[in-house]
Amino acid sequence: MMKNYPLSYQAVDKETEAESHYILSQHNSNGYTVGAPPKKRLTEEFSHTFREFFFHDDPLYQYKDKSKIRQCWLGLQNFFPILEWGRRYNLKMFKGDLIAGLTIASLCIPQDIGYAKLANVDPRYGLYTSFVPPLIYALMGSSRDVAIGPVAVVSLLLAEFLRREFDPTKNKEEYLRLAFTATFFAGITQSILGFLRLGFIVEYLSHAAIVGFTAGAAITIGLQQLKGLFGITKFTTHTDIVSVLHAVFSNAHHGALKNPKIFWVAASAPLISVIVSTFFVYITRADKDGVKIVGHITKGVNPPSLDKIYWSGPLLKKGARIGIVAGFVGLTEAIAIGRTFAAIKDYQIDGNKEMLASGVMNIAGSFTSCIVATGSFSRSAVNFMSGCHTTVPNIVMALIVLLTLEVITPLFKYTPNAIISAIIINAVIGLVDLGAAFKIYKVDKMDFLACMGSFLGVVFKSVEVGLLISVTLSLAKILLQVTRPKIFVLGNLPRTTTFRNIEQYPEAIRIPGVLVIKVDSAIYFANATYIREKILRWLRDEEDLNRHHGLARTQHLILEMSAVTDIDTSGVHEIEELFKILKRLYIQLELVNPGPVVMDKLLSANFIDLLREEHLFVTVGDAVAHCFAKSKDQEEA
């Protein structure tokens, strides 16, 4: 029976140990040696790096061996996916899309009014945002399920940033102009990211940070709706939970709570609740008794707003700053939604196409009186469950909104704000994903800290602080993983030539006199010193174990480098330093399976000449067999 020694040092029965040592001593690589890659010119290296950075998915492959006409057609399809799937479109697909479009239209109209009020603009601007942007996305988007329009999180973010520059009531025109300017720059940001294929930048917001940020924003949005729900006239301009609750409790005697018969009607589905509540407010004239209503909504389609965008001066810079942040947040939400439903339906979306489509629709939206639009989670979920097949439901929804703008908008005058607030609260409840948070906690505690950090930042401070915490913690995790990579000791699985992590495989045998260490990361200036020091600490601990158990001292240190994808000059320098330190300790360094990039740089730095090729091996088994042979030769000598 095995005994458990410190640091997972395992003792095995003599027969198993002897058998394992014999198998290893007889192992050979059949003459294979670590190969040196062909030397590349600087231009070739730069070209390869450039392609992998910007064109890792090889987007030009589809144009290979095609005629010029075919290439032009494929290029058009690349920018307008509707040209590709439109040829296969049929009546059955249209029926599903029509039902989905009508369904999301019934949801979007009350939501648009609510999200416009959340952004502190007139309700019609929310409706405008569900007309022009969805039409453009239907032509350019690659997701079949994403439904476009204003969303709660981005509307809240716009309100918080814009309100710092202008009061939405006293400086209504300036506030609106800055909103259009921010929308324009959100579109510019998204278009540039898509056109230059820089979608990876969005990935710096981790899933955990997004879960926390979205949940925090949902709670903040829900708290903001207490103003409309309770009919509070004087409300705080701050978004943190303490300020909002203080405003609610200090004004609880005002507003709609005086007439509970009007207030409870918010229990039905969004559009039905709007129709019913509007009807009752109109026939009872409850607005004269203190019930706050939406008020007049100007009838008509989107007016042009190109002349309202700030094209110069300090407000141009402020609009650009707000737009860049809103563009990033909108992209993160839209791509996450698109990928979620694409995974369920087993199809692929192109992140760069999504960015370009989002950018173009927001640029067009800024010219047609729209605020920032992106993929809506609630609408997209309804779209998905309604059986959509293509982006046509966005067209159907846009046409219903157009009909609403031209004919129905005056009827929303008597819609109570309490109903709109209840609809928004109902929409954002689903953004608080407790199941995802619990799963993050179980899987990765560091991710959970990022999740809670961004959540608490939004709830107790502001959306801006929460977003800053999200990005900071996401980058901090990357930095931590880069600067503190995984380094572990390998042991031999009994009666095999396989070596595995001794923490994962407690039965693995540590070879006396030989320490096998694996580095599970590229070696850069940021982690090279840590890796050298960590290896030396492992060596120190190994020597302590050897003395404790009366075993022979370590004579060989085998460095398994198959997971080392790259190394820079600092990394090469630290490997050289490790070699020199080990040499002074009469320990031989053996390298196993360095990859082509690493091997090329070690050769260029003349380190292989210093180490000698006889200490390079294809597998750990080869290296251990070599160590056994050396030990045997020394014993015989």
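Helices here are DSSP runs of H or I with at least four residues, and strands are runs of E with at least two, all numbered from the N terminus. In this predicted model, Ser130 sits in the loop that links helix 6 (123-129) to helix 7 (132-140). Despite the loop setting, Ser130 is buried, because its relative accessibility is 0% and the cut-off for buried is under 20%. Its side chain pairs up with the side chain of Asp112 in a polar contact of 2.8 Å. Once neighbours within four places in sequence are set aside, the contacts of Ser130 are Cys108, Asp112, Ile148, Gly149, Pro150, Arg379, Met397, Ala398 and Val401. Asp112 therefore turns up twice, as a polar partner and in the contact list.

Stepping back to the whole protein, the fold contains 27 helices and 10 strands. Of the 637 residues, 51% are buried. Among contacts with a separation of 6 or more, 80% involve residues 24 or more positions apart. The accessible surface adds up to about 30,700 Å², and carbon and sulfur atoms contribute 62% of that.

One of the contacts of Ser130, Arg379, leads on to helix 17, which spans residues 377-385. Ser378, Arg379, Ser380, Ala381 and Asn383 are buried in this helix. The cover over these buried residues comes from several elements, including helix 5 (91-118), strand 3 (147-149), helix 15 (314-345), strand 4 (374-376) and helix 18 (392-408). At the start of helix 17, a side-chain oxygen of Ser376 comes to within 3.3 Å of the backbone nitrogen of Arg379. At the other end, just after the helix, Gly387 adopts a positive phi of about 90 degrees.

Another buried spot is Phe499, which belongs to strand 6 (residues 499-501). Phe499 counts as buried because its relative accessibility is 6%, and the cut-off is under 20%. Phe499 and Val620 are 121 residues apart along the chain, yet their C-alpha atoms are separated by 7.1 Å.

What about the cysteines? A search of the whole structure for disulfides comes back with zero. Two cysteines illustrate contrasting surroundings: Cys72 is exposed, with a relative accessible area of 52%, whereas Cys451 is buried, at 3%. The labels follow from the cut-offs, so a value over 50% reads as exposed and one under 20% as buried.

Turning to charged side chains, the structure holds 15 salt bridges. One of them joins Glu84 and Arg88, with an N to O distance of 2.6 Å. Both partners are partly exposed: Glu84 has a relative accessible area of 30%, and Arg88 comes in at 49%. A second pair, Arg547 and Asp544, meets at 2.4 Å, N to O. These two lie about one helical turn from each other, because they are three residues apart in helix 23 (residues 528-549). Here the two partners fall into separate classes, as Arg547 is exposed at 60% while Asp544 is partly exposed at 37%. A third salt bridge connects Arg612 and Glu614, at 3.4 Å, N to O. Arg612 is partly exposed, with a relative accessible area of 43%, and Glu614 is partly exposed too, at 38%. Beyond these pairs, Glu165, Lys318 and Arg321 are tied into one network by salt bridges that share partners.

The surface also has a nonpolar side to it. Ile272, Ile275, Val276, Phe279, Phe280, Tyr282 and Ile283 together make a nonpolar surface patch of about 690 Å². Ile272, one of these residues, is part of helix 14, which runs over residues 270-284.

How values were computed. Residues are numbered from 1 along each chain as its sequence is written. This is a predicted model: local features need pLDDT of at least 70, side-chain atom pairs count only at pLDDT 80 or more; totals for chains, interfaces and linings use all residues. Side-chain values use heavy atoms; hydrogens and water are left out. Patches are made of residues with over 30% relative accessible area and no salt bridge: like charges are joined within 9 Å, nonpolar side chains (Val, Leu, Ile, Met, Phe, Trp, Tyr) within 5 Å. Accessible areas come from the Shrake-Rupley method with a 1.4 Å probe; for residues, only the protein chains shown count as cover. A salt bridge is a side-chain nitrogen of Lys or Arg within 4 Å of a carboxyl oxygen of Asp or Glu. Buried means under 20% relative accessible area, exposed over 50%, partly exposed in between (1.4 Å probe, protein chains only). A polar contact is a pair of N or O atoms within 3.5 Å; within protein, one must be able to donate a hydrogen and the other to accept it, and residues adjacent in sequence count only if both atoms are side-chain atoms. Contact means heavy atoms within 4.5 Å. A disulfide is a pair of cysteine sulfur atoms within 2.5 Å.
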